[in-house]
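Good morning, and thank you for joining this session. I shall present one structure today, beginning with its pockets and then turning to the ligand and the backbone. Please look at the sequence and the model as they appear.

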Amino acid sequence: MTGKLITFEGPEGGGKSTHARRLAEELRARGISVLTTREPGGTPTGEIIRDLLQNDLAKEPLCDAAEALLFCASRAQLCRNVLGPALARGEWIVLDRFTDSTLAYQGYGRGFDVDTLRRMNDFATGEVRPALTLLLDLPAEEGLGRALARSGGKDRIESAPIDFHRRLREGYLELARREPGRFAVIDATAPVDAVSAAVRRAVEERLGPLPGANG
Ligand code: T5A
């Protein structure tokens, strides 16, 4: 696989969608072929799973095990049908959430065994692995406040108790400490342009200078 997968991760409202879009625009402006997508979702099946997970589509309480498996099912579909083929074509991919979301939310947040979730992730992803993971870190309260201000209401996961959101934030930081070569932790409380600049610096430091980049 000759392409590169860059993932954005972090608690709610950290700016992942904003910065995934901005990074993709910057890469395209430099002549790089970039695919952008998101999890859960990114395929027709994945988008239906997203609706189930976020909007209570089935109108029954979703048990935590089913939740974890559905995230992985969406991921398997995306990896086999979209990410693997794009990487094989040499494309770059900017992905809004991936395997670390399952470790943080279902592991540190819901309390499932993180090593079991890692095995589920491996089953779902096959050989697809991120070259770089940008963790947009901010306190749970601040991120939820931003997400609420934007959408005006909370989805199923945003409605979880604040301790859940605090645990998953700490979980992300623990994951980043364990894999410093893959993760770059970015202060997402900074103004949007400062976060974009930090994202670009991290990409160049970890993956090499971008074509046409001169500082
Ligand atoms: N999930 C997902 C799991 O539990 N397990 C899994 O395995 C996976 C894959 C996905 C949900 O599913 C969970 C996690 C999530 O709960 P989603 O809608 O994709 O749901 O939710 P999020 O990924 O959290 O996306 P959000 O849209 O809520 O947040 P973003 O993408 O981090 O933030 P963004 O860019 O939309 O920005 C939010 C607001 O903040 C402003 C933006 O303008 C926007 O209004 N903003 C800033 N404001 C001030 N300063 C900055 N630096 C700002 N950056 C952005």
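**Pockets, ligand and backbone**

The largest pocket has a volume of about 900 Å³. I should state at once that the model before you is a predicted one. The lining of this largest pocket is made of 41 residues, and those closest to its centre are Gly-13, Lys-16, Ser-17, Asp-96 and Arg-150. Several elements give two or more residues to that lining: the helices α1, α2, α3, α4, α6 and α8, together with the strands β2, at 34–38, and β3, at 92–96. Which element gives the most to the lining of the largest pocket? That is α1, with nine residues. Sorted by class, the lining of the largest pocket holds 15 charged, 14 nonpolar and 12 polar residues.

What takes up the space of the largest pocket? The ligand does. Six helices give two or more residues to the shell around the ligand: α1 (16–29), α2 (44–55), α3 (64–88), α4 (99–109), α6 (140–151) and α8 (192–207). In this shell the largest share belongs to α4, which contributes four residues, whereas in the lining of the largest pocket α1 gives the most.

Let me now turn to individual residues around the ligand. In total, 27 residues surround the ligand, and the closest are Glu-12, Lys-16, Thr-18, Thr-102 and Arg-150. Two of these names, Lys-16 and Arg-150, have already appeared among the residues closest to the centre of the largest pocket. The shell is evenly divided by class, with nine nonpolar, nine polar and nine charged residues.

Some of the contacts can be described atom by atom. Lys-16 places a polar side-chain atom 2.5 Å from an oxygen atom of the ligand. For Arg-75, a polar side-chain atom lies 3.1 Å from an oxygen atom of the ligand. Arg-146 has an N or O atom in its side chain that is 3.3 Å from a nitrogen atom of the ligand. How much of the ligand does the protein cover? On its own the ligand has 1000 Å² of accessible area, and the protein covers 85% of that area.

I move next to the second largest pocket, which contains about 200 Å³ of space. Its lining has 13 residues, with Thr-99, Asp-122, Arg-129, Glu-179 and Arg-182 nearest the centre. Both α4 and α5, the latter at 114–125, supply at least two residues of this lining. The largest share comes from α5, with four residues. The lining of the second largest pocket divides into six charged, four nonpolar and three polar residues.

Finally, two points on the backbone. Most residues other than glycine have a negative phi, and most peptide bonds are trans. Where, then, is the peptide bond that is cis? The bond from Glu-39 to Pro-40 is cis, and its omega is near -15°. Pro-40 is found in the loop between β2 and α2. The other point concerns Lys-59, a residue other than glycine with a positive phi, near 55°. Lys-59 belongs to the loop between α2 and α3.

Terms used: Residues numbered from 1 in each chain as written. Predicted model: local features only at pLDDT ≥ 70, side-chain atom pairs only at ≥ 80, totals over all residues. Heavy atoms only, no water. Near = heavy atom within 4 Å. Polar contact = N/O pair within 3.5 Å; in protein donor to acceptor, adjacent residues only side chain to side chain. Areas by Shrake-Rupley, 256 points an atom, 1.4 Å probe, with all protein chains shown as cover. 1 Å grid on protein atoms, 1.4 Å probe; cavity = no way out; pocket = protein on both sides within 12 Å on 5 of 7 lines; lining within 4 Å. Sits in = over half its atoms within 2 Å of the grid points. Nonpolar A, V, L, I, M, F, W, Y, C, P; charged D, E, K, R; others polar. Points joined across faces, edges and corners; volume = space filled by probe spheres on them.
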